[in-house]
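User: I've got a model open and would like to talk through a few of its features. Can you take my questions one at a time?

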Amino acid sequence: MRRTVGALMRKDLRLELRSFESVPAMLMFSVSAFVLFRFGLDRDALAGDLAAGVLWVTLLLAAVLGMSRLFVTEQEQGGFDGFLMAPVDRTAMFLAKASVLFCFLVAAELVAVPAFVLLLLEPGWGQILPELLAVLVLADLGIAVIGTLVGALGVQTRARELIVPLMALPLLIPVAIGAAEATAPLFAAGGAGPLPGRWLAVLALYDAVFGLLAFAVFDFLLED
Amino acid sequence: MATATGPEAAVALAGVGRAYGERVALRDVSFALPSGATLAVFGANGAGKTTLLRILATLLRPHAGRAAVLGAELPREGWRARGRIGLLGHEPLLYRDLTARENLRYHARLHGVPLAAADALLERVGLAARADDLVRTLSRGMAQRAAICRAVLHGPDLLLLDEPLANLDPGGALAVAPLIGRQAGPARVLISHDVEQGLADADWVLGLRAGRQVLWGSAVEVGVADVRGLYA
């Protein structure tokens, strides 16, 4: 299984480095959205719930761009056929694609989050970085798991650009709520409050539930 | 007509059918192909040849009848046959933004084959000099050679070949002959529109028309005119 997941991930990351299709799109969308919020809201800085909402809605919508492309190469260039005929556990594709989407999210956030901080937060955010990273990791895990599941469903349809967001966004609402609630105290106007462990637990639980669900059903999604 | 029995059969079909929604692509196809033998499949466009090939590749479920490939009942035991089938279809099943070598090494990892085997195959088909070029920069003939390498990389017991010599020049056809020709060893199901060549290359002949099996026999018994009649 590890060998197969490694082979799939190496191939996908190499393809992304050659084509630059997903990460730059996610990145450009995120930064553009933050610029729009900055001037659209006409404020020098955001705080609390509003800042958290802006961050997470933007990141979730950017993630949908990556989800839509996740399986396109497999569909268009016969990757599914080659994989399905190999004597490997098909769940390896779920693990590899979810890991790749997680890597794409991290890569996009490496630029998008600093851009958000610079454009929309007051100075002095350095102290909240460890807490923010914890929320980002848990939220990205959930997005990657749900995105892989939905991407695999959507790629079989002709209107995948419509289907993927329509299926993904409702499933991502709990992630958005959990991540925004967990992040809002960090962005409080009077100084960062403590990280609410309850919302981190909600995120972790949602990740685990969807991870198990995806693990159980992914094999069937690849069947004829 | 041969019947679908016997553990020695590489392929055994009995009354196999397949539909896409309302459209029936294949109906009541029955034959048995012994191990090591070659079956040539003829038929006009839309006759059901590709559907048959994809069923044998375990990529499509038969909707009717019984199908067994390399002793594995489909679709229930398809996992047993996976890794023992080599498919060369219309599409090369190669990633265009990977090099030929990267594509083959990827498939070698999936099949648990030593990476050196991929390099050796590229050498054998005369692609060593272009092995590190992206597939999208290769000519169609070169991509076909790389696709043939991919199909035989894991030493399959059953080769499913759809117009394998398409796009190949005489030199290319000569280079790949030991890999996919009769001397390669595995049972072969060969789709061809070259009637004379297909008959010469086959032990058994299957003719399809509009998804129905209308011709079956040994390649010695079936005449060129019989096959040409499928295209009339």
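User: Where is the kink in α9(A) centred?

Analyst: Keep in mind that this is a predicted model. Helix α9 of chain A covers residues 197-221. The bend there comes to about 35°, and the residue at its centre is Phe215(A).

User: How far apart are the end C-alpha atoms of that helix, α9 of chain A?

Analyst: The helix has 25 residues, so at 1.5 Å a residue it should span 36 Å. The model agrees with that, since the end C-alpha atoms are apart by 35 Å.

User: What covers the buried residues of α9(A)?

Analyst: The buried residues of α9(A) include Trp199(A), Leu203(A), Tyr206(A) and Phe210(A), along with Asp207(A). Their cover includes three helices of chain A: α6, α7 (129-154) and α8 (160-183).

User: Which residues touch the most other members of the largest nonpolar core?

Analyst: That core holds 157 residues. Its largest share, 15 residues, is from helix α6 (residues 91-120) of chain A. Leu160(B) has contacts beyond four places in sequence that include Leu53(B), Ile85(B) and Val189(B). The two that touch the most other members are Val11(B) and Leu160(B).

User: Which helix gives the largest share of the side of chain A that touches chain B?

Analyst: Each chain puts 21 residues into the contact. On the chain A side, α1 (2-19) and α5 (79-84) each supply at least two. That side divides into eight nonpolar, seven polar and six charged residues. The largest share, eight residues, comes from α1(A).

How values were computed
Residues are numbered from 1 along each chain as its sequence is written. Chains are lettered from A and ligands numbered from 1 in the order in which they are written. This is a predicted model: local features need pLDDT of at least 70, side-chain atom pairs count only at pLDDT 80 or more; totals for chains, interfaces and linings use all residues. A nonpolar core is a set of buried Ala, Val, Leu, Ile, Met, Phe, Trp, Tyr and Cys residues joined through C-beta atoms within 7 Å. A residue is buried if 20 or more other C-beta atoms lie within 10 Å of its own, exposed if 12 or fewer, and partly exposed in between; C-beta atoms are placed from the backbone. Helices (H or I, at least four residues) and strands (E, at least two) are DSSP runs, numbered from the N terminus. Two residues are in contact if their C-beta atoms, placed from the backbone, lie within 7 Å. Ala, Val, Leu, Ile, Met, Phe, Trp, Tyr, Cys and Pro count as nonpolar, Asp, Glu, Lys and Arg as charged, and the others, Gly among them, as polar. The expected span of a helix is 1.5 Å times one less than its number of residues. The bend at a residue is the angle between axes fitted to the seven residues ending there and the seven starting there.
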